[in-house]
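I opened this structure to see how its helices pack and where its nonpolar residues sit. My entries follow in the order in which I looked things up.

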Amino acid sequence: MSRSASHTPARNDFSERARVAAILRADRRARLLARDIAAGLKPDRGADGPAAAMRRVETASIELAPGTRPHTVRRTNDTCELDRLFYRANAALTPAQHAAGMRFRAAWRRATRGGRLVQRYTPHTGNGSAGSMEETEASVHARHAVDQALALLTPARARVVCAVCGMDEHPGTSIRTLHHALDLLHERW
């Protein structure tokens with residue numbers, strides 16, 4: 001009896017090592033495949049379903065060194081965290097949520113964009129610069145739109161929307177809060 005009991009932990013230990021080794025091999029294969037896809041050596045099969053069809057893939061020719069043959073590279077054109085959440089294989093955002101988030105992002109960027117500071121050594125004469133006034137007005141209107149959007153949200157939802165949509169941070173565990181906030185912004189803003 002003690003003999004079979006002593007063999008059982010060794011078998012469990014061996015099976016555990018084999019399982020970990022299989023996971024590490026699979027991970028290595030996935031990393032090598034991702035590297036080859038990024039380099040354009042293997043085709044990107046993508047995921048099945050609507051998220052894969054909606055992925056915006058950009059093809060570019062890159063010359064690695066002067067005078068060499070250009071290599072064709074394919075990459076997903078993600079501009080922000082909202083795009084990464086929307087265009088990934090298991091899309092975390094609906095099209096309506098993505099649109100509301102992108103609208104908030106555009107208003108946030110306009111509202112937080114600093115004006116240009118120009119210093120002159122000579123006195124400024126003339127009609128003035130219309131461009132800076134238009135930029136200021138656009139910034140004020142954008143701040144008003146951001147304030148309206150944040151007034152509709154609870155403080156927790158407002159923090160998540162500002163972090164993900166405005167400051168391009170990953171939502172982490174607050175993805176449900178982001179979903180509720182973006183649904184509310186889509187309906188009422």
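**Entry 1: Glu169**

I started at Glu169, which lies in the loop between H6 and H7. I was working from a predicted model, so no entry here rests on an experiment. Is Glu169 buried, exposed or partly exposed? I found a relative accessibility of 40%, and Glu169 therefore counts as partly exposed. I then listed its contacts, leaving aside neighbours within four places in sequence, and got Glu81, Ala163 and Val164. I also checked Glu169 against Leu82, which is 87 residues away along the chain, and their C-alpha atoms are separated by 9.3 Å. In the same stretch, just after H6, I noted that Asp168 takes a positive phi of about 60°.

**Entry 2: the chain as a whole**

I stepped back to the full chain. I counted seven helices and two strands. From the N terminus on, I read the order of elements as α-α-β-β-α-α-α-α-α. The chain has 189 residues, and 23% of them count as buried. I took the exposed area as about 13,700 Å², with carbon and sulfur atoms supplying 55% of it. For contacts between residues at least 6 apart in sequence, I found that 56% join residues at least 24 apart.

**Entry 3: H6 against H7**

I went back to the two helices on either side of the Glu169 loop. How do H6 and H7 lie relative to each other? Their axes are 9 Å apart and the packing angle is about 90°. Angles of 65 to 115 degrees count as roughly perpendicular, and H6 and H7 are therefore roughly perpendicular to each other. From H6 I listed Ala156, Arg157, Val160, Val161, Val164 and Cys165, which meet Thr177, Leu178, His180, Ala181, Leu182, Leu184 and Leu185 in H7. By class, I sorted this contact into 10 nonpolar, two polar and one charged residues.

**Entry 4: H4 against H6**

Next I took helix H4 (residues 95-112) with helix H6 (residues 155-166) and read an angle of about 80°, with the axes 9 Å apart. H4 and H6 are therefore also roughly perpendicular to each other. I noted Gly101, Phe104, Arg105 and Trp108 on the H4 side, and Val161, Cys162, Cys165 and Gly166 on the H6 side. The classes came out as five nonpolar, two polar and one charged residues.

**Entry 5: H4 against H7**

I then checked H4 with H7, whose axes come within 8 Å and cross at roughly 80°. That makes H4 roughly perpendicular to H7. H4 contributes Ala96, Gln97, Ala100, Gly101 and Phe104 to this contact, and H7 contributes His179, Leu182, Asp183, Leu185 and His186. I sorted these into five nonpolar, four polar and one charged residues.

**Entry 6: Gln97**

I looked at Gln97 on its own, since it is found in helix H4 and takes part in the contact with H7. Is Gln97 buried or exposed? Its relative accessible area is 4%, and with the limit for buried at under 20%, Gln97 is buried. Beyond its neighbours within four places in sequence, I found Gln97 in contact with Ala92, His179, Leu182 and Asp183.

**Entry 7: the nonpolar core**

In soluble globular proteins, nonpolar side chains tend to be buried together. I looked for this here and found 29 residues in the largest nonpolar core. Which members touch the most other members? I got Phe104, Val161, Leu178 and Leu185. At least two residues of this core come from each of helix H3 (81-87), H4, helix H5 (130-151), H6 and helix H7 (175-188). H6 gives the most, with six residues.

I then went through H6 and listed Ala158, Val160, Val161, Cys162, Ala163, Val164, Cys165 and Gly166 as buried. For Val161, not counting residues up to four places away in sequence, I found that it touches Phe104, Leu153, Gly166, Leu178, Ala181 and Leu185.

**Entry 8: Val140**

My last check was Val140, which lies in helix H5. Its relative accessible area is 46%, and Val140 is therefore partly exposed. I paired Val140 with Arg110, 30 residues apart along the chain, and their C-alpha atoms are separated by 8.7 Å.

Note on methods:
Residues are numbered from 1 along each chain as its sequence is written. This is a predicted model: local features need pLDDT of at least 70, side-chain atom pairs count only at pLDDT 80 or more; totals for chains, interfaces and linings use all residues. Side-chain values use heavy atoms; hydrogens and water are left out. Axes are lines fitted to C-alpha atoms, for helices over the stretch in contact, and angles run from 0 to 180 degrees between N-to-C directions. Helices (H or I, at least four residues) and strands (E, at least two) are DSSP runs, numbered from the N terminus. Angles under 35 degrees count as roughly parallel, over 145 as roughly antiparallel, 65 to 115 as roughly perpendicular and the rest as oblique. Contact means heavy atoms within 4.5 Å. Ala, Val, Leu, Ile, Met, Phe, Trp, Tyr, Cys and Pro count as nonpolar, Asp, Glu, Lys and Arg as charged, and the others, Gly among them, as polar. A nonpolar core is a set of buried Ala, Val, Leu, Ile, Met, Phe, Trp, Tyr and Cys residues joined through side-chain atoms within 4.5 Å. Buried means under 20% relative accessible area, exposed over 50%, partly exposed in between (1.4 Å probe, protein chains only). Accessible areas come from the Shrake-Rupley method with a 1.4 Å probe; for residues, only the protein chains shown count as cover.
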